[in-house]
Amino acid sequence: MKRCIAMALSLCILLFGCADNSSGDSQKADRRVTVEGTGFRVDGKELWFNGANTPWNNWNDFGGTYDPQFWEEHFAQLHEKGINATRVWISCNGEVGIKIKEDGSVTGVKDKMWEDLDSFFAIAEKHQVYIMATLMSFDHCKDSNSKHQRWRTMLQSEELSQTYVDNYVIPFVKRYDSNDYLFSVDLCNEPDWIVENAECGQLPWQDLSRFFAQCAAGVHRNSDVLVTVGMGMVKYNSDNYSGNCVSDEVLKGFAGEDAYLDYYSPHFYEWQVSNWGNAFEKTPKAFGMPDDRPVVLGECPAVGLQKAGKDLTQCTESAYNNGWQGVFPWTSNGVDDCGGFQEVSPSAEHMYQKIPDLIFPAGKG
């Protein structure tokens, strides 16, 4: 990978005294998240994601009304409570930041969006908050979005999808690959609804799976950043139900050996219990997930399971005991009625007290 080549060159420069390598590259490299079997590692040490969702402060922050003070203050709060990661929507519905033409071709990213993201990732690194960067959402395809037809057209064309990969996905991961706190990209928030909901176009899974394959291959060929898809339901992420629409077999069939997800990140809410059971009280395998890579709960309610009388602390500890490799409650900043910092922080503090070395294996700082 290009990271290994860069590190080798830096070492040569240092050995021959041609440059001062005091900028901390080796320390930064130690904080890169990798996958080993069904777990995550940092510098060879086990990592567990005591996570959150901070999807947006202002809808479409990046390239829009980005407020660095909010992220600075909030990430300091997260770090203090022992939260080591959060999931953030880089583009909420595609109406700002990304340049997409009427024919569905993506031509690039606006300078303002890059400037905002440069600031954002510097803040994440400063506060040791790993970022699962969600690059798009089903919201891009909703009728209420002024550019919804452009996004639907892009998704349904292999050629147009490649313009998205070449002019948005690859530049994004290459720009921030040297920042270890971009640990992952989430290619799309809950694509299930693009398939199921009329207001999102009801596009076929074949188009979405092919699109994810192109994106995953682009990421893996150009960075060390991990890849996932935040599926809304286990239903489409498991061979036990409607088929795993993002399996290795499916994705590699579209775009070759580099098209795969490094880990799975299904979402789980209480309404799903009657269909597939309580994810917190099951192992990922018993819940229906493949067991050949790490699996985290990419979203779950910060208020816990209210009908079952289980708060987030109880749910999170149960998930940890059942082998889930991280829990990312929705949300840390209270964007809706699923809970906020008041609910997330006690659970986070509890887990940090329980397993501090797994949450900050490289040191909390």
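Begin by selecting residues 111–126, which form helix 4 of this predicted model. Its 16 residues should span 22 Å at 1.5 Å a residue, and the C-alpha atoms at its two ends are 23 Å apart, which agrees with that expectation. With the helix still selected, colour its buried residues, which are Met 113, Trp 114, Asp 116, Leu 117, Phe 120, Phe 121, Ile 123 and Ala 124. It helps to recall that an α-helix has 3.6 residues a turn, so residues three or four places apart point the same way. Moving past the end of the helix, stop at Gln 128, which follows helix 4 and has a positive phi near 55°.

Now zoom out to the whole chain. The protein chain contains 14 helices and 12 strands. Its radius of gyration is 20 Å, close to the 21 Å given by the globule rule for 365 residues, so the chain is as compact as a globular protein of that length. The C-alpha trace spans about 60 × 50 × 40 Å along its principal axes, and 58% of the 365 residues count as buried. If you draw a contact map, restrict it to pairs with a separation of 6 or more: residues 24 or more positions apart account for 77% of those contacts.

Next, select residues 148–155 and 158–176 together, that is, helix 5 and helix 6. How do the axes of these two helices cross? They come within 6 Å of each other and cross at roughly 105°, which makes helix 5 roughly perpendicular to helix 6, since angles of 65 to 115 degrees are counted that way. To display the contact, show Trp 151, Thr 153, Met 154 and Leu 155 on helix 5, together with Leu 160, Ser 161 and Tyr 164 on helix 6. Sorted by class, this contact has five nonpolar residues, two polar residues and no charged ones.

The following stops concern the backbone. As background, most residues other than glycine have a negative phi, and most peptide bonds are trans. Select Glu 190, in the loop between strand 9 (182–189) and helix 7 (192–196); although Glu 190 is not a glycine, its phi is positive, at about 45°. Is Glu 190 buried or exposed? With 11% relative accessibility, Glu 190 counts as buried. Continue to Gln 202, in the loop between helix 7 and helix 8 (205–222), where another residue that is not a glycine has a positive phi, here of about 50°. Gln 202 is partly exposed, with a relative accessible area of 46%.

From there, go to Ala 259, in the loop between helix 9 (248–255) and helix 10 (273–276). Ala 259 is buried, with a relative accessible area of 0%. Leaving aside residues up to four places away in sequence, Ala 259 touches Ala 213, Ala 216, Ala 217, Asp 248, Leu 251 and Lys 252. A distance label between the C-alpha atoms of Ala 259 and Gln 214 should read 6.8 Å, although these two residues are 45 residues apart along the chain.

The last region is built around helix 12 (residues 312–321), where Thr 316 is the residue to select. Thr 316 is buried, with a relative accessible area of 3%, and beyond residues up to four places away in sequence it touches Trp 48, Val 327, Ser 347 and Met 351. Gln 325 comes next, in the loop between helix 12 and strand 12, and this residue is also buried, with a relative accessible area of 12%. Which residues does Gln 325 touch, not counting those up to four places away in sequence? They are Thr 38, Gly 39, Phe 40, Leu 47, Trp 48, Phe 49, Pro 294, Val 295 and Val 296.

Follow strand 12 (326–330) into the loop that leads to helix 13 (341–354), where Thr 331 lies. The peptide bond from Trp 330 to Thr 331 is cis, with omega near 0°. Finish on helix 13, whose 14 residues reach 20 Å from the first C-alpha to the last, close to the 20 Å expected at 1.5 Å a residue. Its buried residues are Val 344, Ser 345, Ser 347, Ala 348 and Met 351, and what covers them includes strand 4 (49–50), helix 12, strand 12 and helix 14 (356–359). Among these buried residues, Ser 347 and Met 351 are partners that Thr 316 touches.

Methods
Residues numbered from 1 in each chain as written. Predicted model: local features only at pLDDT ≥ 70, side-chain atom pairs only at ≥ 80, totals over all residues. Heavy atoms only, no water. Axes fitted to C-alpha atoms, helices over the stretch in contact; angles between N-to-C directions. Helix = DSSP H or I, 4+ residues; strand = E, 2+ residues; numbered from the N terminus. Parallel < 35°, antiparallel > 145°, perpendicular 65-115°, else oblique. Contact = heavy atoms within 4.5 Å. Nonpolar A, V, L, I, M, F, W, Y, C, P; charged D, E, K, R; others polar. Buried < 20%, exposed > 50% of the residue type's maximum accessible area, 1.4 Å probe, protein only. Expected span 1.5 Å × (residues − 1). Rg over C-alpha atoms; globule rule 2.2 N^0.38 Å.
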